[in-house]
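Hello,

Here is the structure I promised to pass on to you. Please have a look at it first, and then read my notes below.

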Amino acid sequence: MTAQSVILPLPSEHARFIVLTLKDLSLAELKQQIEALLATRDLLISQHPDAHIKTAIAFGPELWSKLHATTPTGFKQLDPQHGAFNMPVVPADVFIHIASSRTDLCFALSQAFFTGIQNKVNVLDERACFRYLDSRDLTGFIDGTENPQFPDDRAEVALLPEQNGIFADGSFIFAQRYVHNLAKWQQLKVDSQEQVIGRTKLESIELEDDVKPENAHVARTVVEDADGEEMEILRHSLPYGDGQGEQGLFFVAYTHDLSIIDAMLKRMFGTAGDAIHDRLLHFTTAVDGAYYFAPSNELLEQILQD
């Protein structure tokens, strides 16, 4: 088994995230369009070997039940959060993650997928995202500092292990778009921003526990197991935006265990039972969110051929 190509490498400079429901598109037509995307990807890789072209195709729980007779343990739909802040859930059928060092090649792959089916699907989002400066969010803070860096560590965090049988080397995905209020954020002085995040802005050094607020973003997004060990996820988040329009973060995380995401969101949105929420939510708004499953390359090929 091998994981789909975008998951384990470090993020590329550009990505395009596609979220859709099938509407009038049949399963056979969907498979045909995915095959067209993958064929175009392979052609572009041969033509542009240095462009670091990578993809992942994933499916929502409802569609997955129509594509395969069995479901990986723990795969479900995301639960909305109604706490200090609300977090909506917008279920979708298909999530496509395209990445490359070139934004034009990301566009070409999207074009290959949508050719001939534009009126048959409901596109909930198609978002062109980019690496900002030295991997910073638009808030100015480095994003994904705690990501595992070595391939084996990234695989352990993101991929379902061998005991999952045919689902081994697949990965669950949490995708969610945030819209930042940068005008409000930029009214804060740097030291106040650091108190919100829980890290220094320039060097991305985590604040000491005795000075880091309990509602800092870093403090609320850390989830620990029964032994006090941090339970990691693999982030592929990237900023997006236009100079005059919405600006924010498209949060994408790969994991072998969705309960980690569940716990993280409860801690962020104030539904964990301790009456604390993530202070960063005063400056950014979650506008959607859903769970998906990205099967291994081998299982994806089997599904496309069935």
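**What I found**

Of the 306 residues in the chain, buried residues make up 50%. Please keep in mind that this is a predicted model.

Let me begin with the overall build. The chain has nine helices and twelve strands. Its C-alpha atoms fill a box of roughly 55 × 45 × 35 Å along the principal axes. A compact globule with 306 residues would have a radius of gyration near 19 Å, and the 19 Å of this chain agrees with that. Contacts in the chain also reach far along the sequence: among those between residues at least 6 apart, 78% join residues at least 24 apart.

**Aromatic rings**

The structure holds 15 aromatic pairs. One of them is formed by F141 and W185, which meet edge-to-face, 6.1 Å centre to centre and with 70° between the planes. F141 sits in the loop between β6 (122-130) and α4 (151-158), while W185 belongs to helix α5 (residues 182-185), so this pair ties together parts that are 44 residues apart in sequence. Both partners are worth checking for burial. F141 counts as buried because its relative accessibility is 4%, under the 20% cut-off. W185 is buried too, with a relative accessible area of 1%.

A second pair to look at is F174 with Y291, again edge-to-face, at 5.8 Å centre to centre and 75° between the planes. Here the link is between two strands: F174 lies in β7 (residues 171-180) and Y291 in β12 (residues 290-294), so the pair ties together parts that are 117 residues apart in sequence. F174 is buried, with a relative accessible area of 2%, and Y291 is buried with a value of 0%.

There is also a cluster linked by ring pairs, made up of F59, W64, F75, F167, F172 and F293.

Two rings have a charged side chain over the face. R127 lies over Y240, at 4.7 Å from the ring centre. K184 lies over the face of F283, and here the distance from the ring centre is 5.3 Å.

**Helix α4**

Which residues of α4 are buried? They are R154, V157 and A158. Seen down the helix axis, these buried residues fall within an arc of 85°, so they line one face of α4. As background, an α-helix has 3.6 residues a turn, so residues three or four places apart point the same way. The face of α4 turned away from the buried side carries the exposed residues D152 and E156. What does the buried side pack against? The buried residues of α4 pack against β7, β8 (234-235) and β10 (247-255). Strand β7 is also where F174 of the second ring pair lies.

**Cysteines**

How many disulfides does the structure hold? It holds zero. C106 is in no disulfide, and the nearest cysteine sulfur, that of C129, is 9.7 Å away. C129 is likewise in no disulfide, with the sulfur of C106 as its nearest cysteine sulfur. For comparison, the cut-off for a disulfide is a pair of sulfur atoms within 2.5 Å. Are these two cysteines buried or exposed? C106 counts as buried at 1% relative accessibility, and C129 counts as buried at 3%.

**Two more residues: Q33 and A51**

Q33 has its place in helix α1 (residues 27-47). It is buried, with a relative accessible area of 9%. Leaving aside residues up to four places away in sequence, Q33 touches A112, F113, F114, T115 and I117.

A51 lies in the loop between α1 and β2 (54-59). At 3% relative accessibility, A51 counts as buried. With residues up to four places away in sequence again not counted, A51 touches S100, S101, R102 and L105. The C-alpha atoms of A51 and Q149, which are 98 residues apart along the chain, are separated by 21 Å.

If you open the model, the ring pair of F141 and W185 and the buried face of α4 would be good places to start.

Best wishes

Technical notes:
Residues are numbered from 1 along each chain as its sequence is written. This is a predicted model: local features need pLDDT of at least 70, side-chain atom pairs count only at pLDDT 80 or more; totals for chains, interfaces and linings use all residues. Side-chain values use heavy atoms; hydrogens and water are left out. Rings of Phe, Tyr and Trp (its six-membered ring) pair if their centres lie within 6.5 Å; planes under 30 degrees apart count as stacked, over 60 as edge-to-face and the rest as tilted. Helices (H or I, at least four residues) and strands (E, at least two) are DSSP runs, numbered from the N terminus. Buried means under 20% relative accessible area, exposed over 50%, partly exposed in between (1.4 Å probe, protein chains only). A charge sits over a ring if NZ of Lys or CZ of Arg is within 6 Å of the ring centre and within 35 degrees of the ring normal. The arc is that of the directions from the helix axis to the C-beta atoms. Contact means heavy atoms within 4.5 Å. The radius of gyration is taken over C-alpha atoms; the globule rule is 2.2 Å times the number of residues to the power 0.38.
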